[in-house]
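Please work through the following exercises with the sequence and the coordinates at hand. Each task is followed by a solution in steps.

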Amino acid sequence: MDYSRFLSKISAARQTNPARMTKELAKRMSSVIMLAGGLPNADYFPIKTASFTLFDGTTIKIGEELMKVALQYGAADGIQELLSWLEDLQMKLHDPPTAKYAPESGQMKICITVGSQDGLSKVFDMLINPGDNILMDDPNYIGTLVGLRPLGCNIISIPSDENGILPKALKDILSRWGPENTHKSSSNTPKFLYTVPNGGNPSGSSLTAERKKEIYQLAKEYNFLIIEDDPYYFLQYEKTDAPSFLSLDVDGRVIRCDTFSKVISSGFRLGFITGPAPLIDKIILHVQVSTMQPSTFTQVFLLQLLKKWGQKGFLDHTDRVAKLYRKQRDALLAAADKWLTGLAEWHPPKAGLFLWIKVKGISDTHEMVTKKALEKGVVLLPGRGFTLDPSKPCSYIRASFSYASSDQMDQGFQRLAELIREETE
């Protein structure tokens, strides 16, 4: 693939920061005389050791030598041992066809980011020039929308339902551009499709296997990239045979964003991006002049935890977390059935943390949610902010089942039902 067509002018102009530590230098730190970089002297760090107790009572200890590593600068793309662990995980879960490609042909590569939101921001910076066309299903994640709007791109709305993007609708939109022009560098065909394939935020939708295959074929035909933002991959409540876009990627056109926020810690601020080497390398160049690197300390802590668990232990942990959230989801659905039947409509989410509720008889929920529900002691989010055109009325509400107890969910929906009745009578 010719990746130059996709790069923004800013990204195409990025160059290596020669003062930043590389993976190669990090490997040789113990065997070289370091007179180049401005590395602080680790002997003067005030923290010598640390010990962490896990939920099962076992501990993780970071001794003096490892602590020196944890408190020091590191490579921009992450600790090599952690990158290797993540590569093995991606091979286990997704078996990307590009794993054995040559780097210039789109070989799978991983970099660690300061949470997946930071990674997404850098992906958008890499790809978007003002005036570029991009594709998104509607509604979509509000954090992505507010990040994209100032960049001056044209966001093209793709209709979706409870099973995600409608491939026929996507094809109809793409037919505005002839496939014969899509590989030209001057083409203004959409550069990428952004989607949350499992447990979409806010809709809770999950793409089926057949739809993913159809969408990937359209990406090949019309030569656009797919940004697969999958924070709820491990929070799937109904196991399906739906492959990831990464596992379908024979061309090197998928950029996949993963995070540890939902299954280990949101405060760690660690995510990772998997994609074709020529594009991941551009993200790393951006890291060198922005965050410089993800936190070495949290990487070291996470690596020790993953090594203690092993791959099976990590996946067992994610299964436990998914079971807990499934109970939370079922409690919210029970409360919805009890109080909102006849007043609203919804589809049970197969993944994720959210229930997308369409209120009957109310064209716009904004004031009801932001003012009146709050006065009743219930915090929800109005649907308008999740739509590609937030100036239009929206009859939807997003409710999260991640945090509240089942009793609180029941009380919250009881109060919401009372409010809907008051608004519609």
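The exercises below concern a predicted model and treat a pocket, two helices and a histidine.

**Exercise 1. The second largest pocket**

Determine how much space lies in the second largest pocket, and which residues and elements line it.

*Solution.*
Step 1. The volume of the second largest pocket is about 500 Å³.
Step 2. Its lining consists of 20 residues, and those closest to the centre are Val378, Val379, Leu380, Ser400 and Ala404.
Step 3. Two elements, β15 (396–400) and α13 (406–424), give two or more residues each to this lining. The largest share, six residues, is that of α13.
Step 4. Sorted by character, the lining residues comprise twelve nonpolar, six polar and two charged.

**Exercise 2. The helix α13**

Establish the span of α13, identify its buried residues and state what they pack against.

*Solution.*
Step 1. The 19 residues of α13 extend 27 Å from the first C-alpha to the last, close to the 27 Å expected at 1.5 Å a residue.
Step 2. With buried taken as under 20% relative accessible area, the buried residues of α13 are Met409, Gly412, Phe413, Leu416, Ala417, Leu419 and Ile420.
Step 3. These residues lie on the same side of α13, because they cover an arc of only 165 degrees around the axis.
Step 4. The packing partners of the buried residues of α13 are α11 (296–339), β13 (354–359), α12 (366–375) and β15.

**Exercise 3. The helix α10**

Decide how far α10 is enclosed by the rest of the structure, and list the elements against which its buried residues pack.

*Solution.*
Step 1. Helix α10 (residues 277–288) has twelve residues, and its end-to-end C-alpha distance of 16 Å is close to the 16 Å expected at 1.5 Å a residue.
Step 2. Ten of these twelve residues are buried, so α10 is largely enclosed by the rest of the structure.
Step 3. The buried set of α10 includes Lys282, His286 and Gln288, as well as Leu279 and Ile280.
Step 4. The buried residues of α10 pack against α1 (9–12), β3 (108–113), α5 (115–127), β9 (225–229), β10 (254–259) and β11 (271–276).

**Exercise 4. The environment of His347**

Locate His347, classify its exposure and name its contacts beyond four places in sequence.

*Solution.*
Step 1. His347 is found in the loop between β12 (344–345) and β13.
Step 2. The relative accessible area of His347 is 46%, so this residue is partly exposed.
Step 3. Apart from neighbours within four places in sequence, Glu162 and Leu355 are in contact with His347.
Step 4. Ser203 is 144 residues from His347 along the chain, and their C-alpha atoms are separated by 8.7 Å.

Definitions and conventions:
Residues numbered from 1 in each chain as written. Predicted model: local features only at pLDDT ≥ 70, side-chain atom pairs only at ≥ 80, totals over all residues. Heavy atoms only, no water. 1 Å grid on protein atoms, 1.4 Å probe; cavity = no way out; pocket = protein on both sides within 12 Å on 5 of 7 lines; lining within 4 Å. Points joined across faces, edges and corners; volume = space filled by probe spheres on them. Helix = DSSP H or I, 4+ residues; strand = E, 2+ residues; numbered from the N terminus. Nonpolar A, V, L, I, M, F, W, Y, C, P; charged D, E, K, R; others polar. Expected span 1.5 Å × (residues − 1). Buried < 20%, exposed > 50% of the residue type's maximum accessible area, 1.4 Å probe, protein only. Arc of directions from axis to C-beta. Contact = heavy atoms within 4.5 Å.
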